[in-house]
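Please open the structure in a viewer and keep the sequence panel visible. The tour below proceeds by selections, each followed by an account of what is found there.

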Amino acid sequence: MRKIVKRVGFSGLLGLAVFALIATSVIPNGCSLLSPGAAKAQVTKCPDLVQQALALSRDACVGIGRNKACYGHVLVNAEAQPNVSNFTFASQGAVADIAAIRSLALNPYDSASHIWGISYLRVQASLPDTAAGENVTVLLFGQTQIDDASQASDVQTAYPDLGNLKPFQAFYFRSDTLSSDLCEQMPSSGVIVQTPNGMGAVSMVANGVRFDVSSGTAFMSARSDHAMSFSVVEGSAQVTAKGVRQTVQAGSQVAVPMTIDLKPAGPPGPPQPYQVTHMPGVAAQYMPNPITIAPPFSGAQCQVAQPASG
């Protein structure tokens with residue numbers, strides 16, 4: 001994996017709520033429930049820039065097709081694949097083939113400069129060629145960098161049953177997981193993935209962690225040498241790393257420890273209810289299928305980890 005350059009000027013996100021394991025209490029079936037002390041202070045009202053930037057991005061990108069990327073809101077810096085020439089992706093509404101993109105780096109929230117990087121991707125992933133009108137939508141926002149890993153040998157070795165991966169079906173990413181949220185239900189950066197309804201489980205890989213999402217929406221954030229969080233806000237998913245698979249229902253999240261180069265340092269931990277105020281409910285209204293964030297999952301329903309069979 002190409003080294004991802006850490007940016008400065010962080011100004012807000014989900015923080016360490018997902019990995020505040022030191023502040024959790026254990027409940028039956030191996031699940032953990034975040035204690036009140038793990039909650040961060042919230043700003044209830046969203047800044048005007050949040051809704052404006054999301055609305056402008058949605059309107060600029062609503063018509064993009066399969067395997068395309070769209071520049072939603074400033075600033076988004078794109079790097080082309082080495083074999084691509086005459087590549088441009090420099091202004092709001094710009095559209096490019098995702099096969100031509102090596103990486104996208106989005107700028108953090110900056111109200112003074114009216115900057116908050118946003119980009120949409122429409123990815124085929126494991127969807128069949130015959131379902132041309134159905135796509136996985138990936139929404140990137142804030143202090144987030146994503147690199148295509150569809151040709152990465154470690155990913156293909158770990159999950160050979162996925163076959164030849166489509167562009168951005170596998171990727172490495174990092175986001176600001178330390179700063180405050182912009183407002184209730186709006187972290188300042190992260191990745192939202194939404195799969196189409198009625199198409200079965202769609203398989204993708206992020207930072208070497210496989211996730212299979214069934215008619216659902218997930219929110220991810222990651223920090224190198226710490227953890228990647230995977231929260232299911234609609235539907236359900238299976239999350240696999242290091243030979244262990246966790247079933248994650250809407251309203252819950254798992255954390256996977258990360259190495260410094262953003263690869264799994266261990267298996268996913270047990271599902272635990274998330275704090276709904278830290279989930280991207282505001283941005284979820286700007287997905288192809290607008291949703292309401294699911295309430296926290298009941299601890300009595302938590303799943304037990306299963307060995308991965310493939």
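Two strands are said to pair if DSSP finds at least two bridges between them. With that criterion in mind, select strand S9 (residues 144-148) and strand S10 (residues 170-175) of this predicted model. S9 and S10 pair in the antiparallel sense, over 5 bridges. Now add strand S6 (residues 101-106), which is also antiparallel to S9 and joined to S9 over 3 bridges.

**Stop 1: strand S9**

Asp147 is a convenient residue on which to centre the view. In S10, Tyr172 is the bridge partner of Asp147. Ser103 also stands opposite Asp147 in S9.

Next, colour S9 by accessibility. Is the strand enclosed or open? Because 5 of its 5 residues are buried, S9 is largely enclosed by the rest of the structure. In a regular strand, side chains alternate between the two faces of the sheet. For S9, one side carries Thr144, Ile146 and Asp148, and the other carries Gln145 and Asp147. Both faces are covered, as these residues are all buried.

**Stop 2: the aromatic rings**

Display the side chains of Phe, Tyr and Trp. A search of the whole structure yields 7 aromatic pairs. Select Phe141 and Phe219 among them: the ring centres are 6.3 Å apart and the planes lie at 15 degrees, so this pair is stacked. Phe141 belongs to strand S8 and Phe219 to strand S13 (residues 209-223), so the pair ties together parts that are 78 residues apart in sequence. Phe141 is buried at 0% relative accessibility, and Phe219 is likewise buried at 0%.

Move then to Phe171 and Phe173. Their ring centres are 6.0 Å apart, with planes at 65 degrees, so the pair is edge-to-face. Phe171 counts as buried at 2% relative accessibility, and Phe173 is buried at 0%.

Return to Phe141 and Phe219 and add Tyr109 and Trp116: these four residues form one aromatic cluster.

**Stop 3: Gln124**

Select Gln124, in the loop between strand S7 (118-123) and strand S8 (136-141). Is this loop residue buried or exposed? Gln124 has a relative accessible area of 5%, and since the cut-off for buried is under 20%, it counts as buried.

Which side chain makes a polar contact with that of Gln124? The partner is the side chain of Asp129, at 2.6 Å. Beyond its neighbours within four places in sequence, Gln124 is in contact with Arg66, Asn67, Asp129 and Lys166.

**Stop 4: Pro288**

Select Pro288, in the loop between helix H3 (281-284) and strand S18 (306-307). With 43% relative accessibility, Pro288 is partly exposed. Residues up to four places away in sequence aside, Pro288 touches Arg122, Thr137 and Gln194. Draw a distance from Pro288 to Thr137: the two are 151 residues apart in sequence, and their C-alpha atoms are 7.6 Å apart in space.

**Stop 5: confidence**

Finally, colour the chain by pLDDT. The chain averages a pLDDT of 86, and 83% of the residues score at least 70. Select residues 1-30, where pLDDT stays under 50; the model has 104 contacts beyond four places in sequence for this segment. Over residues 32-42, pLDDT again stays under 50, and the model has 38 such contacts.

Technical notes
Residues numbered from 1 in each chain as written. Predicted model: local features only at pLDDT ≥ 70, side-chain atom pairs only at ≥ 80, totals over all residues. Heavy atoms only, no water. Helix = DSSP H or I, 4+ residues; strand = E, 2+ residues; numbered from the N terminus. Buried < 20%, exposed > 50% of the residue type's maximum accessible area, 1.4 Å probe, protein only. Polar contact = N/O pair within 3.5 Å; in protein donor to acceptor, adjacent residues only side chain to side chain. Contact = heavy atoms within 4.5 Å. Phe/Tyr/Trp six-rings, centres within 6.5 Å; stacked < 30°, edge-to-face > 60°. pLDDT = per-residue confidence, 0-100.
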